[in-house]
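Student: I'm new to this one, so could we go through it together, one question at a time?
Tutor: Sure, have a look at it first and then ask away.

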Amino acid sequence: MADTKEDTTAASPREARKAAKLAKEIRAFGREHGGVEGQLAHIGQAGTRIVLVGEDGGWGDLVAPTHAIARQAAEKAGLTLHDEFDGEFAAKVVTGPYEWTRMAGIQLGGPANA
């Protein structure tokens, strides 16, 4: 049977530095938000988005150039990863007026998003 374990090692020193930098940013986000969980989402040629959700409901994301670098950064940071962005994980996200305006402002008669 073939080994299906994904290789999470960076192929070059440059990729290792990028993973370390992303891991540092993930840990900083976690400190600021009382802990952090995440999910990796492929975004085409742009790479992989590391979606972050803090224990306080704050959220954000980082983009890694490859999935392997994103996975390595998550492992270095000790990030708990979810397979999907749904259910209890998605329910942790807290949105405010800014997000509602950006997501639905035009449809609801809110200010235009320039």
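Student: How many salt bridges does a search of the whole structure find?
Tutor: Keep in mind that this is a predicted model. Side chains of opposite charge can pair when their charged atoms come close. Here the pairing test is a Lys or Arg side-chain nitrogen within 4 Å of an Asp or Glu carboxyl oxygen. Searching the whole structure that way, the number of salt bridges is four.

Student: Which residue meets glutamate 37 in a salt bridge?
Tutor: In that salt bridge, N and O are 2.2 Å apart, and the partner of glutamate 37 is lysine 92. Glutamate 37 sits in strand β1 while its partner is in the loop between α3 and α4, so the pair ties together parts that are 55 residues apart in sequence. The residue you want is lysine 92.

Student: Is glutamate 37 buried or exposed?
Tutor: The cut-off for buried is under 20% relative accessible area. Glutamate 37 has 10%, so we call it buried.

Student: And which glutamate forms a salt bridge with lysine 92 at 3.9 Å?
Tutor: Look at the loop between β2 and β3: the glutamate there pairs with lysine 92 from the loop between α3 and α4, so parts 37 residues apart in sequence get tied together. This glutamate is partly exposed, at 46% relative accessibility. Its name is glutamate 55.

Student: Which residues do salt bridges with shared partners join into one network?
Tutor: Lysine 92 has a salt bridge with glutamate 37, and lysine 92 also has one with glutamate 55. Shared partners like that give one network, made of Glu37, Glu55 and Lys92.

Student: How far apart in sequence are the parts tied together by arginine 49 and aspartate 61?
Tutor: The side chains of arginine 49 and aspartate 61 meet in a salt bridge, 2.5 Å from N to O. Arginine 49 belongs to strand β2 and aspartate 61 to strand β3, so the distance along the sequence between the tied parts is 12 residues.

Student: Where does the largest share of the positive patch come from?
Tutor: The patch of positive charge on the surface gathers Lys24, Arg27, Arg31 and Lys76. Lys76 has its place in helix α2, and its relative accessible area of 44% makes it partly exposed. Three residues of the patch come from one helix, and that is helix α1.

Student: How far apart in space are lysine 18 and isoleucine 69, C-alpha to C-alpha?
Tutor: Lysine 18 is in helix α1, and leaving out residues up to four places away in sequence, it touches Val63, Pro65 and Ile69. Along the sequence, lysine 18 and isoleucine 69 are 51 residues apart. In space, the C-alpha to C-alpha distance is 7.3 Å.

Student: Stepping back, what pattern does the protein follow along the sequence?
Tutor: The parts to place are four helices and four strands. A helix opens the pattern, and three strands follow it. Read in full, the pattern is α-β-β-β-α-β-α-α.

Student: Last one: what percentage of the residues are buried?
Tutor: The count covers the 114 residues in the protein. Glutamate 37 is one of the buried residues, whereas lysine 92 is partly exposed at 31%. For the protein, the buried share is 32%.

Notes:
Residues are numbered from 1 along each chain as its sequence is written. This is a predicted model: local features need pLDDT of at least 70, side-chain atom pairs count only at pLDDT 80 or more; totals for chains, interfaces and linings use all residues. Side-chain values use heavy atoms; hydrogens and water are left out. Helices (H or I, at least four residues) and strands (E, at least two) are DSSP runs, numbered from the N terminus. Buried means under 20% relative accessible area, exposed over 50%, partly exposed in between (1.4 Å probe, protein chains only). Patches are made of residues with over 30% relative accessible area and no salt bridge: like charges are joined within 9 Å, nonpolar side chains (Val, Leu, Ile, Met, Phe, Trp, Tyr) within 5 Å. Accessible areas come from the Shrake-Rupley method with a 1.4 Å probe; for residues, only the protein chains shown count as cover. Lys and Arg count as positive and Asp and Glu as negative; His and the chain ends are not counted. The place of a charge is taken as NZ of Lys, CZ of Arg, CG of Asp or CD of Glu. Contact means heavy atoms within 4.5 Å.
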